[in-house]
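Colleague: I would like to go through this protein step by step. Can you take my questions one at a time?

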Amino acid sequence: MSIMNPHLKFQSQAVAKPYFVFALMLFVGQILFGLIMGLQYVIGDFLFPLLPFNVARMVHTNLLIVWLLFGFMGAAYYLIPEEADRELHSPKLAIILFWVFAAAGVLTILGYLFVPYAGLAEMTGNHLLPTMGREFLEQPTITKIGIVVVALGFLYNVGMTLLKGRKTAISMVMMTGLIGLAVFFLFSFYNPENLARDKYYWWFVVHLWVEGVWELIMGSMLAFVLIKITGVDREVIEKWLYVIIAMALISGIIGTGHHFFWIGAPEVWLWLGSIFSALEPLPFFAMVLFSLNMVSRRRRQHPNKAAALWAIGTTVTAFFGAGVWGFLHTLAPVNYYTHGSQLTAAHGHLAFYGAYAMIVMTMISYAMPRLRGLGEAPDARAQRIEIWGFWLMTVSMVAITLFLTAAGLVQVWLQRIPADGAAMSFMNTTDQLAVFFWLRLIAGVFFFIGLVCYLYSFRQRGRVTVDASAAVAAA
């Protein structure tokens, strides 16, 4: 940060760059392990015993969580100083926390790959405070403690910045989401012996992250980018933001009940989970209307057309992935047959990509040209490559979702509601789904090509001259 960057409003925003870069590196790793898993679905002994399926899946899902967290932290370090209208409280602390988090993440992934999981648990002292062995929360206890330390330092840094500076709806919503993210992660340390209670509180982390506080982070990032690229009055965008987060929290918190259908919870959750889960598409639909309305009312033509495309794309894709595909199997009478099927995988892939992967890439697309000293946007050729990456990744993910949806419907038909009353076994059913898994794998290859295009677009060195209407976008 010793070299002044004239394109940053505050020089401390530069600490966001290593977070964004490392997030994209982890994203590449996540997709590579996803492709390996795709091959293992159709070639069962691929890379076995060097890389068993359960290890590949653990690495794939953990990389997803960690790269999104890096993306959220980078977005906060870029967004909060600008919203607070002051330099970040401690850029040095942000860099120290980056290296701590990166080292912990890399060592944990290496542990998954090279140490048997039981041995990793013994090596890291899991017997002292047992927290391991649960999906998405497989991290060793010592890693979880490290995540808490990093989160506390991060919240202190952005919180002090906010306390000393201007308070806006966008920064307050993001801060609320980030605090909620940290608080709900604490439930990962609670590991009761009773399986029903374990699942009950396990969803306090998983669901209340992705269908609760993460939506606040997503909404604040989307509002920030839309203010910058459209020049629409802040008051208008903030009113939309308040409506969206209210709907997200009301539907998402009680909507946790759709995970309690079959774990021994009281029957009231069949009603509460179904009704409030049916409302969960509403905030995502509101985001679609929000983004399209703001773009139609724009007061400037921002030169970063790729960032504008990502902003609109994330709301549309999130609505279909989290909203429509979530609703398809969230009602208790339907979920009775579809629970844990490939329909769940279809929903999960499109929802995570649309709601969270795309919003992080939106923020990176907007901020990275400034962080790299290129001005408001990269040159036209770089944007064309990035837009190619957008369409390749998005269309491929839609294809993956459709193939998994078809697989899920066939799975339910053969295994759970057989016409002759004789349900087909799981493995025999899986054999019947092979064609869908091959198609899913092909679509995954095209997704990876799209990701390569997205990354390659950052190699372009051209500059864009700031247009005359740029002043309108000033917050």
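The questions and answers below go through confidence, domains, core, aromatic pairs and single residues.

Colleague: What is the mean pLDDT of the protein chain?

Modeller: This is a predicted model, and pLDDT is the predictor's confidence on a scale from 0 to 100. In the protein chain, 96% of the residues reach 70 or more. The mean is 93.

Colleague: Where does pLDDT stay under 50?

Modeller: One stretch has 23 contacts beyond four places in sequence in the model. Its pLDDT stays under 50 all the same. The stretch is residues 464–475.

Colleague: How many Å separate the centres of domain 1 and domain 2?

Modeller: Domain 1 covers 1–167 and domain 2 covers 220–459. Their contact takes 31 residues from domain 1 and 35 residues from domain 2. Taken over C-alpha atoms, the distance between the centres is 21 Å.

Colleague: Which residues touch the most other members of the largest nonpolar core?

Modeller: In soluble globular proteins, nonpolar side chains tend to be buried together. Here the largest nonpolar core holds 140 residues. It draws at least three residues from each of domain 1 and domain 2. The residues that touch the most other members are F70, Y77 and W214.

Colleague: Which residues does W214 touch, not counting those up to four places away in sequence?

Modeller: W214 belongs to the largest nonpolar core. Leave out residues up to four places away in sequence. What remains is L68, L69, F72, L181, W209, F352 and Y356.

Colleague: Are the rings of F27 and W67 stacked or edge-to-face?

Modeller: The whole structure has 45 aromatic pairs, by search. The ring centres of F27 and W67 are 4.3 Å apart, and the planes meet at 20°. Planes under 30 degrees apart count as stacked, so this pair is stacked.

Colleague: Which helices hold F27 and W67?

Modeller: F27 is buried at 2% relative accessible area, and W67 is buried at 0%. The two residues are 40 residues apart, so their pair links distant parts of the chain. F27 is in helix α1 and W67 is in helix α2.

Colleague: What angle lies between the planes of Y190 and Y201?

Modeller: Y190 lies in the loop between α6 and α7, and Y201 lies in helix α7, so the pair ties together parts eleven residues apart in sequence. Y190 is partly exposed at 31%, and Y201 is partly exposed at 24%. The ring centres are 5.1 Å apart. The pair is edge-to-face, with an angle of 80°.

Colleague: Is S277 buried or exposed?

Modeller: S277 lies in helix α9. Its relative accessible area is 3%. Buried means under 20%, so S277 is buried.

Colleague: Which side chain does the side chain of S277 join in a polar contact of 3.4 Å?

Modeller: The side chain of S277 also reaches the backbone oxygen of G255 at 3.3 Å. Beyond four places in sequence, S277 touches G255, H258, L272 and T330. The side chain that makes the 3.4 Å polar contact with S277 is that of T330.

Colleague: How many Å separate the C-alpha atoms of Y336 and W262?

Modeller: Y336 is found in helix α12. Y336 is exposed, with a relative accessible area of 56%. W262 is 74 residues away from Y336 along the chain. Their C-alpha atoms are separated by 8.3 Å.

Terms used. Residues are numbered from 1 along each chain as its sequence is written. Side-chain values use heavy atoms; hydrogens and water are left out. Contact means heavy atoms within 4.5 Å. A nonpolar core is a set of buried Ala, Val, Leu, Ile, Met, Phe, Trp, Tyr and Cys residues joined through side-chain atoms within 4.5 Å. Buried means under 20% relative accessible area, exposed over 50%, partly exposed in between (1.4 Å probe, protein chains only). Domain bounds come from an automatic or database domain assignment. Helices (H or I, at least four residues) and strands (E, at least two) are DSSP runs, numbered from the N terminus. A polar contact is a pair of N or O atoms within 3.5 Å; within protein, one must be able to donate a hydrogen and the other to accept it, and residues adjacent in sequence count only if both atoms are side-chain atoms. Rings of Phe, Tyr and Trp (its six-membered ring) pair if their centres lie within 6.5 Å; planes under 30 degrees apart count as stacked, over 60 as edge-to-face and the rest as tilted.
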